[in-house]
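Please work through the exercises below with the sequence and the structure open beside you. Each task is followed by a solution that proceeds step by step.

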Amino acid sequence: MARINSPKELEELRQKILSQRDPNKPCITLCSGTACHASGSENIAAIFLQELEKEGLKADVDFRRTGCHGFCERGPIVVIYPEEICYLQVQPEDVPEIISQTIKEKKVIDRLLYADPTTGEKVTYEPEIPFYKNQKQVVFGTNRRIDPTSIEDYLAIGGYRALAKALFEMTPEQVVNEVTKANLRGRGGGGFPTGRKWETTRDAPGEPKYVIVNADEGDPGAYMDRSLLEGNPHSVLEGLVIGAYAIGSHEGFIYVRQEYPLAVENVYIAIKQAEEYGLLGKNILGSGFDFTIDVHRGAGAFVSGESSALMTAIEGRVGEPRPKYIRTAVSGIWDKPSNLNNVETWANVPLIIDRGANWYTSIGTEGSKGTKIFSLVGKVNNTGLVEVPMGVTLREIIYNIGGGIPGGKKFKAVQTGGPSGGVIPEKYLDAPVDFDELTKLDSMMGSGGMIVMDEDTCVVDVARYFIDFLCDESCGKCVPCREGLKHMREILDDIVSGRGKPGDIELLEGISRIMARASLCALGQTAPNPVLTTIKYFRDEYEAHIEEKRCPALVCKDLISFYIDPSKCQACMICGRECPVGAISGGKGLVHIIDQDKCTRCGTCFDVCPARFSAVRKISGEPVPEAIPEAERVLARGK
Amino acid sequence: MELTKINTIIDKYPQKQSVLIQLLLDIQGEFNWISQDAIQRISERLGIPVSQIYRVASFYKAMSLTPRGKHVINVCMGTACHVRGATRIINKLEESLGIKTGETTEDRNFTLERVNCLGCCALGPVMVVDKDYHGKMTPAKVEAVLKEYN
């Protein structure tokens with residue numbers, strides 16, 4: 001490929017790429033994000049290519065692997081253009097039929113379409129599926145139209161146009177001003193105004209200055225940054241180069257988790273392509289501006305996502321935070337001014353420059369502009385990534401897009417903001433989602449994790465889960481975080497295993513107050529949030545664990561027993577066979593009984609008991625009923 | 001043999017301290033663990049004290065200072081997997097393999113580890129053996145998955 005030396009050449013190349021593409025030519029696209037990959041999309045891709053070859057259709061039909069579509073629950077996803085016919089959960093054996101029916105005969109295969117879970121109504125075209133229809137995909141929507149390993153695909157949808165505009169039509173100050181005017185706030189969690197951060201680094205004394213992409217997405221249950229970086233890496237690169245130009249930086253870093261191998265791979269490919277086209281490196285687009293990017297893989301430490309810790313890790317040292325009396329924007333990597341933004345923030349930048357701050361501020365609420373991508377996971381029908389304008393309500397996200405709670409269960413709470421966030425109960429479902437409103441509910445936006453919980457989720461167990469997670473991830477540098485978390489974990493361990501004492505709740509609150517005020521970095525300062533919000537909204541559940549030794553959600557292993565209801569047991573022997581410790585007695589025609597002393601409460605019997613019997617019950621806070629007399633165990637079947 | 005490979009990895013990078021983490025990750029990727037010899041070699045070639053390399057290698061979860069099994073099992077412990085019952089999967093694995101999380105079986109076939117979210121929450125609970133993802137796991141499915149790697 002030839003180097004591009006001016007905005008004119010860039011446009012010429014774009015037109016050339018577009019002229020070679022026929023929008024009416026059939027194109028089969030296959031989602032190849034991590035989740036679809038894990039569901040076998042690579043194998044399906046191989047079969048598609050094989051079948052197209054076999055049928056002699058290679059020249060007439062295009063095939064493209066795309067980035068993540070977001071509807072991960074129903075992967076692998078196949079979309080056929082130009083109609084945008086969408087097939088879900090496609091299996092290898094479906095491929096020949098898709099070719100013969102849909103490609104050759106233009107017939108839609110009914111069984112592969114989306115079916116509404118309540119009405120059963122089928123939806124043929126991808127944009128009409130409620131999961132997509134109720135979103136506003138500004139940043140994330142391009143993922144499904146491009147192959148992340150093809151810079152030509154990105155150019156075809158207008159890629160790098162914003163970069164050319166910034167470099168040739170705007171001064172660095174104008175770029176900063178535009179981002180400030182757009183009121184873009186940091187998508188990594190803090191919500192700090194990006195324009196102000198850029199300005200600080202720009203004005204700070206010291207050279208060189210650095211710009212960094214934080215792709216150390218550590219919040220468990222959040223994966224939007226990974227999907228953006230692996231699905232559309234060029235949009236992040238373009239944002240970064242624009243930012244570098246605005247700030248006056250010539251060297252950038254992408255710090256990405258090594259647990260995201262596909263993102264790492266795609267970023268390397270994108271950087272190489274951008275360099276070859278002259279969109280990175282020396283004299284970008286002939287503007288005289290130089291900029292290079294280095295990729296650093298994170299090695300599995302949650303705390304390294306904190307800005308000062310991440311910068312220390314880039315220096316090759318242990319990624320621990322430091323006190324930030326002087327901000328990293330002023331003194332970061334090797335004590336030089338360093339501007340750090342997360343993946344999603346960078347991906348917003350080209351849009352703001354290309355379409356203008358006025359367009360951008362037309363989306364969202366007063367204090368939070370634009371859209372936000374959420375990772376909607378947990379006990380929800382449509383698990384996946386959703387992008388919505390700031391200000392939509394939790395209910396709209398969970399019900400209209402997420403399709404509600406599976407299995408007819410009742411909604412209990414939603415956890416936002418990862419380990420630093422809080423749990424929000426049902427009564428606030430109509431709260432609008434933006435930076436400030438979530439903070440009012442004692443939770444936070446965080447990076448966009450949204451974990452839905454149903455009535456079968458124990459909030460005390462969830463609080464313990466987060467504290468346990470943070471306890472492992474605390475770097476141990478400051479006492480309040482290191483010791484505070486350890487003690488909180490001990491107390492919560494006691495509560496969930498039936499050793500809770502009166503006064504434990506107050507003790508947790510006390511430790512929380514100290515940690516929030518005295519910890520060195522945000523990890524410790526915000527660590528108590530999951531505990532404090534669960535106590536605030538679900539105090540009765542804590543009390544049930546402590547006082548009655550009862551887990552209302554029937555989750556905490558030490559507080560529950562499994563019991564086979566003799567009136568329901570059909571003596572089918574399935575549970576007896578599956579029980580790993582041989583705790584279930586009974587035989588053909590003999591009602592089964594669990595030996596409570598042997599039972600390890602693994603729950604296998606509960607899982608395997610056929611739904612039409614549902615004989616296995618969980619009991620908490622009350623004694624297990626006496627076993628029925630031997631004589632009554634014999635099952636009288638109507639034979 | 002091993003030293004040649006270690007040298008090749010070191011040669012890929014400029015000789016400065018900032019490459020240390022990347023270097024250790026590559027060595028971990030190649031050998032599944034980081035040996036004393038490897039640390040010694042890096043120390044000599046890059047002029048970084050051995051103590052400092054140990055500090056880095058012991059801080060990060062992705063690095064192991066003891067040999068690991070032929071197959072590494074990672075159970076995702078992200079929040080989404082947690083609320084869908086990941087703890088029960090790990091309990092079952094510990095019981096079946098007779099080891100605790102973080103340990104390696106005596107025959108060196110399996111190492112059991114946990115990871116903080118792999119970002120495929122739709123498939124939760126997820127366990128990954130080497131590079132194969134096994135989604136929507138239940139305790140009852142564990143034995144069958146393990147058999148594939150025996």
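**Exercise 1.** Across which strands of chain B does helix α6 lie, and at about what angle does this helix run to β1(B)?

*Solution.* The model is a predicted one. Begin by locating helix α6 of chain B at residues 86-97, and then follow the strands that it crosses, which are β1 (71-76), β2 and β3 of chain B. Comparing the direction of α6(B) with that of β1(B) gives an angle of about 150°.

**Exercise 2.** Determine the strand order of the open sheet in chain B, and explain why one side of β2 and of β4 is left without a neighbour.

*Solution.* Reading across the open sheet of chain B, one meets four strands in the order β2-β1-β3-β4, and their pairing is mixed. Because β2 (110-115) and β4 (132-134) of chain B stand at the edges and have a single partner strand each, one side of each lacks a neighbour in the sheet. From one strand to the next, the twist averages 20°. As a last step, look at the antiparallel pair formed by β3 (residues 127-129) and β4 of chain B, which three bridges join; within this pair, B:Val129 is found opposite B:Asp132 of β4(B).

**Exercise 3.** Describe the open sheet β9-β8-β7-β10 of chain A, from its pairing to the helix that lies across its strands.

*Solution.* The four strands of this sheet in chain A are paired in parallel. The strands β9 (292-298) and β10 (338-342) of chain A are at the edges with a single partner strand each, and therefore one side of each has no neighbour in the sheet. The twist from one strand to the next averages 20°. Turning to β7 (residues 210-215) of chain A, five bridges connect this strand to β10(A), with the two running parallel, and A:Asn214 stands opposite A:Asn342 in β10(A). Finally, helix α11 (residues 233-247) of chain A lies across β7, β8 (251-257), β9 and β10 of that chain, and runs at about 150° to β7(A).

**Exercise 4.** Which residue of the hairpin of β17(A) and β18(A) takes a positive phi?

*Solution.* First identify the strands: β17 (residues 584-587) and β18 (residues 590-594) of chain A run antiparallel and are joined by three bridges. One bridge pairs A:Ile584 with A:Ile594 in β18(A). Then examine the two residues between the strands, and it is A:Gly589 that takes a positive phi, near 75°.

Technical notes: Residues numbered from 1 in each chain as written. Chains lettered and ligands numbered in written order. Predicted model: local features only at pLDDT ≥ 70, side-chain atom pairs only at ≥ 80, totals over all residues. Pairing = 2+ DSSP bridges. Axes fitted to C-alpha atoms, helices over the stretch in contact; angles between N-to-C directions. Contact = placed C-beta atoms within 7 Å.
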